[in-house]
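The following paragraphs guide the reader through a single protein model, from its broad division to its finer details. The sequence and the structure should be kept in view throughout.

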Amino acid sequence: MRRTLLPIAALYAAACMTANAQVLYSTGFEEFNLGAILNQFGWEHELSSSGGRGDGSIVDSLARSGSKSLKITPVAGTTTGSNWWWKFIPHDTDASPNKIIRIKWDMYLTASSLQGIYGIDVYNGAGALARVCTVRVLDDNTVQLIRFAGGATQEVFTTEVEASRDAWNRFRLDIDYTTRTFKVYLNGVDVAPTETNQIQTAAGNVFGDADIYFVNLGGDSNDSGNYDNYYVAAIRAVVEGDVNGDGCVDDADLLAVLFSFGSDDIANDVNDDGVVDDADLLAVLFSFGNGC
Ligand SMILES: [Ca+2]
Ligand SMILES: [Ca+2]
Ligand SMILES: [Ca+2]
């Protein structure tokens, strides 16, 4: 066993050194202390001027991986609005060969009598603050996108796809700055396969951050949302099976999947079903050589 593992490990190390994709931010929230996420590891928040509030705290009561997650709890009695926590991670897609921003996260929303809206809200990283695009789950569980018709006019598009409550859902948002469009997948399913979702032109080419996003509907939403495995990377191209994001499906991707086999590692979960297993390995094998 040892004889076969050593060369594989050496090959893996060599492959990692040549990978060109950049992980901008990745956390399973395990390194955080329990309690408010504000001021931990540079996290900040902005509360809506209209008063909508939520509490964002690290908890150990629910997690998809490890023992901790970020829990958003509505604060009763406030009016409709939004708030978010963020880590500023600018990436200039003009200067970098990695022109696609991939955001993946796990989200668990509880069912209640009055549900809020939870998702990810993306902003630019240079010039005047501008929204790039948004993915959110509505109170009726449908997945909704905020996109920009013609690159300029903000437009809300409601998909026909629903997220399950009281269950973990794995999301993927790929923003392509070359085509200025984005695609969203829920548990591996394209939520709007026939749509062209444009990002905002005014947001420019510098990605800024992907906010954890919450809207306290009616001011007294009484559900909650947990986030785990929050992952942001700048990748070369969207190629199925290219888990390290260098645009080519090769040994490095195969080994990355093998080394995380049996785990729920979000970066190496090709089909986004929540586990790294045979299906992901086969996806890499069937795409082997693509993009190289
Ligand atoms: Ca975790
Ligand atoms: Ca690769
Ligand atoms: Ca999988």
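Two residues are in contact if their C-beta atoms, placed from the backbone, lie within 7 Å. By this criterion, 19 residues of domain 1 are in contact with 13 residues of domain 2. The model is a predicted one. Its chain is divided into domain 1, residues 21-238, and domain 2, residues 239-292, and a distance of 24 Å separates the C-alpha centres of domain 1 and domain 2.

On the side of domain 1 that touches domain 2, at least two residues each are supplied by β8 (100-109), β13 (168-176) and β18 (225-235). The largest share, 4 residues, comes from β18. Sorted by class, this side of domain 1 has 8 nonpolar, 4 polar and 7 charged residues.

The interior may be considered next. The largest nonpolar core has 68 residues, of which Trp 105, Tyr 118, Ile 120, Cys 133, Leu 173, Ile 175 and Ile 212 touch the most other members. Because domain 1 (21-238) and domain 2 (239-292) both give residues to this core, it lies between them. One of the residues just named, Tyr 118, illustrates the contacts in some detail: leaving aside residues up to four places away in sequence, Tyr 118 touches Ile 72, Met 107, Leu 109, Arg 136, Val 137, Tyr 213, Phe 214 and Gly 225.

Strand β13 deserves separate attention. Of its 9 residues, 7 are buried, and β13 is thus mostly covered. β13 runs antiparallel to β8, and 9 bridges join the two strands; in one of these pairings, Ile 103 has Leu 173 of β13 as its bridge partner. β13 is also joined to β14 (residues 181-186) by 6 bridges, again in an antiparallel arrangement. Here Asp 176 has Thr 181 of β14 as its bridge partner. β13 and β14 form a hairpin with 4 residues between them, and Arg 180 in the turn has a positive phi of about 55 degrees.

The last stop is a loop residue. Gly 116 lies in the loop between β8 and β9 (117-124). Is Gly 116 buried or exposed? A residue is buried if 20 or more other C-beta atoms lie within 10 Å of its own; Gly 116 has 28 C-beta neighbours inside 10 Å and therefore counts as buried. Not counting residues up to four places away in sequence, Gly 116 touches Pro 74, Asp 139, Phe 214, Val 215, Asn 216, Leu 217, Ser 221 and Asp 223. In addition, the C-alpha atoms of Gly 116 and Thr 73 are separated by 9.6 Å, while these residues are 43 residues apart along the chain.

Notes
Residues are numbered from 1 along each chain as its sequence is written. Chains are lettered from A and ligands numbered from 1 in the order in which they are written. This is a predicted model: local features need pLDDT of at least 70, side-chain atom pairs count only at pLDDT 80 or more; totals for chains, interfaces and linings use all residues. A nonpolar core is a set of buried Ala, Val, Leu, Ile, Met, Phe, Trp, Tyr and Cys residues joined through C-beta atoms within 7 Å. A residue is buried if 20 or more other C-beta atoms lie within 10 Å of its own, exposed if 12 or fewer, and partly exposed in between; C-beta atoms are placed from the backbone. Domain bounds come from an automatic or database domain assignment. Ala, Val, Leu, Ile, Met, Phe, Trp, Tyr, Cys and Pro count as nonpolar, Asp, Glu, Lys and Arg as charged, and the others, Gly among them, as polar. Two strands pair if DSSP finds at least two bridges between them.
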